[in-house]
Amino acid sequence: MSTSVIETQSGVAAYPELKGARVLITGLEPGHGVDIARAFADAGARMVLQTPIADTATEVLIEILAQSAEELVVSSEPIADEAAALRFAQAAVR
């Protein structure tokens, strides 16, 4: 029963209310947070990402997310203290 329901709904977004919603994800790395980021991107969210690692695997991940997210803003600026966190959050709101 559940298989037939899933097959018939494969083209339907699981959470249509997330389309266009702004989502902030910090600490994204190729091994951490990928599934969460991918789910929001696939729902068509507008995403603001902070990733502490700027390597090839992260670049590939960002390219994949950009294909389905409505908007994608990426920062690799480290969030080392409270002041940096506040600056990042304020920039994300804009």
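Which backbone nitrogen lies 3.2 Å from a polar atom of the side chain of Ser 75? To find out, select Ser 75 in this predicted model, and look for it in strand β3. The nitrogen in question belongs to the backbone of Glu 77.

Stay with Ser 75 for a moment and ask whether this residue is buried or exposed. Because buried means under 20% relative accessible area, Ser 75, with a relative accessibility of 18%, counts as buried. If you now show its surroundings, leaving aside neighbours within four places in sequence, you will find Ser 75 in contact with Leu 49, Gln 50, Thr 51 and Phe 88.

Next, select the largest nonpolar core, which is made up of 11 residues, among them Val 23, Leu 28, Ala 45, Leu 49 and Leu 65. Colour β1 (22-26), α2 (34-42), β2 and α3 (56-68), since each of these elements supplies at least two residues of this core. Then centre the view on Ala 45, a member of the core, which, not counting residues up to four places away in sequence, touches Leu 18, Gly 20, Ala 21, Val 23, Phe 40, Ala 69, Glu 70 and Glu 71.

Finish at the largest pocket, whose volume is about 170 Å³. Of the 13 residues that line this pocket, select Val 48, Val 73, Ala 91, Ala 92 and Arg 94, which are the closest to its centre. The elements giving two or more residues to the lining are β2 (46-50), β3 (71-75) and α4 (82-93). If you colour the lining by class, you should see 8 nonpolar, 1 polar and 4 charged residues.

How values were computed. Residues are numbered from 1 along each chain as its sequence is written. This is a predicted model: local features need pLDDT of at least 70, side-chain atom pairs count only at pLDDT 80 or more; totals for chains, interfaces and linings use all residues. Side-chain values use heavy atoms; hydrogens and water are left out. On a 1 Å grid over the protein atoms alone, a cavity is a set of points where a 1.4 Å probe fits but cannot get out, and a pocket is an open set with protein on both sides within 12 Å along at least five of seven lines; lining residues have an atom within 4 Å of a point. Grid points are joined across faces, edges and corners, and a volume is the space filled by probe spheres set on the points. Helices (H or I, at least four residues) and strands (E, at least two) are DSSP runs, numbered from the N terminus. Ala, Val, Leu, Ile, Met, Phe, Trp, Tyr, Cys and Pro count as nonpolar, Asp, Glu, Lys and Arg as charged, and the others, Gly among them, as polar. A nonpolar core is a set of buried Ala, Val, Leu, Ile, Met, Phe, Trp, Tyr and Cys residues joined through side-chain atoms within 4.5 Å. Buried means under 20% relative accessible area, exposed over 50%, partly exposed in between (1.4 Å probe, protein chains only). Contact means heavy atoms within 4.5 Å. A polar contact is a pair of N or O atoms within 3.5 Å; within protein, one must be able to donate a hydrogen and the other to accept it, and residues adjacent in sequence count only if both atoms are side-chain atoms.
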